[in-house]
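User: I would like to go through this structure in short questions and answers. Please keep the reasoning plain.

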Amino acid sequence: MNKTYDLFGFKQHNSSMYNVVVNGLAEAFNKTLCKLLKKVVSKSKRDCHDRMEEALREYRTNHCMPTQETPYSLVYGVKVVLPLERQIPSLQLVIQEGISDKENARLHLTEVEALDEKRLESHQSLECYQA
C-alpha cells in the first residue's frame, strides 16, 4: 500500500476506530451516501457501482442545511453546471463562453476573492447552526 500511496501521491492519515469525534464526519457522509444510493439503485442492487457517480453528483449539488450552500460551490466557488445545461445552454454558460481571455482571468480572480468570503459566511452559519 505504501508503494501505491507514493505512486499516486496520497497521504495516509490513521485515526482510532472508536474516536467518534474524528470519524464523525466520515460516518455522517457514509450514512448520507447510503441513503442516496438506496434512492437511485435498482431493486436488484447490481448497478450500485454504475450509479455511484449519480449519487455523488446529487450530494454535491444539493444545498446543505447548516451552510445554505452546495458542497460543490464551497469547494470551487461557482455554481455547478449540470450535464443538461451543456445540451441546453444556460445564461451562465453563454456568459462564460462569450468573454475574452483577459476578462476571464479577471473574473476568476474576483471569484477566488469572493470564495474566501463565501466560505467564511458558511463557516459562521455552520457554527450558529451547531450552537
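Analyst: This is a predicted model. A place to begin is S122, which is found in helix α7, residues 101-130.

User: Is S122 buried or exposed?
Analyst: Buried means a relative accessible area under 20%. The relative accessibility of S122 is 6%, so this residue falls under that cut-off. S122 therefore counts as buried.

User: Which residues does S122 touch, not counting residues up to four places away in sequence?
Analyst: S122 belongs to helix α7. With residues up to four places away in sequence left out, the residues that S122 touches are T67, E69 and L74.

User: Which residue forms a salt bridge with E69, and how far apart are the closest N and O atoms?
Analyst: A salt bridge needs a side-chain nitrogen of Lys or Arg within 4 Å of a carboxyl oxygen of Asp or Glu. The partner of E69 is K118, and their closest N and O atoms are 3.5 Å apart.

User: Where do K118 and E69 lie, and how many residues apart are they?
Analyst: K118 is in helix α7, while E69 is in the loop between α3 and α4. The pair links distant parts of the chain, and the separation is 49 residues.

User: How many salt bridges does the structure hold?
Analyst: Side chains of opposite charge can pair when their charged atoms come close. One of the salt bridges joins K118 and E69. Another joins E54 and R51, and a further one joins R57 and E53. The count for the structure is three.

User: Where do E54 and R51 lie, and how many residues apart are they?
Analyst: The closest N and O atoms of E54 and R51 are 2.8 Å apart. Both residues lie in helix α3, and about one turn of the helix separates them, which is three residues.

User: Is E53 buried or exposed?
Analyst: E53 pairs with R57, with the closest N and O atoms 3.6 Å apart. Both are in helix α3, four residues apart. R57 counts as partly exposed because its relative accessibility is 33%. E53 has a relative accessible area of 57%, and over 50% is the cut-off for exposed, so E53 is exposed.

User: Which residues make up the largest nonpolar core?
Analyst: A nonpolar core joins buried residues through side-chain atoms within 4.5 Å. The elements that give two or more residues to the largest core are α2 and α3. This core has six residues: L33, L36, L37, V41, A55 and L56.

User: Which element gives the largest share of this core?
Analyst: Among the core residues is L37, and L37 is found in helix α2. The largest share is three residues, and these come from α2.

User: Which residues are in contact with L37, leaving aside its neighbours within four places in sequence?
Analyst: L37 counts as buried because its relative accessibility is 11%. The C-alpha atoms of L37 and C48 are separated by 7.2 Å, and the two residues are 11 residues apart along the chain. Leaving aside neighbours within four places, the contacts of L37 are C48, R51, M52 and A55.

User: Which residues are in contact with V41, leaving aside its neighbours within four places in sequence?
Analyst: V41 is one of the residues of the largest nonpolar core. With neighbours within four places in sequence left aside, the contacts of V41 are D47, C48 and R51.

User: How many aromatic pairs does the structure hold?
Analyst: A pair of aromatic rings is described by the distance of the centres and the angle of the planes. Rings count as a pair if their centres lie within 6.5 Å. The structure holds three such pairs.

User: What is the arrangement of the rings of F8 and F10?
Analyst: The ring centres of F8 and F10 are 5.8 Å apart. Their planes are at 25 degrees, and under 30 degrees counts as stacked. The pair is therefore stacked.

User: What is the arrangement of the rings of F29 and Y59?
Analyst: F29 is in helix α2 and Y59 in helix α3, 30 residues apart. Their ring centres are 5.0 Å apart. The planes are at 75 degrees, and over 60 counts as edge-to-face. The pair is therefore edge-to-face.

User: How many disulfides are there?
Analyst: A disulfide is a covalent bond between the sulfur atoms of two cysteines. The rule used here asks for two cysteine sulfur atoms within 2.5 Å. By this rule the count is zero.

How values were computed: Residues numbered from 1 in each chain as written. Predicted model: local features only at pLDDT ≥ 70, side-chain atom pairs only at ≥ 80, totals over all residues. Heavy atoms only, no water. Buried < 20%, exposed > 50% of the residue type's maximum accessible area, 1.4 Å probe, protein only. Contact = heavy atoms within 4.5 Å. Phe/Tyr/Trp six-rings, centres within 6.5 Å; stacked < 30°, edge-to-face > 60°.
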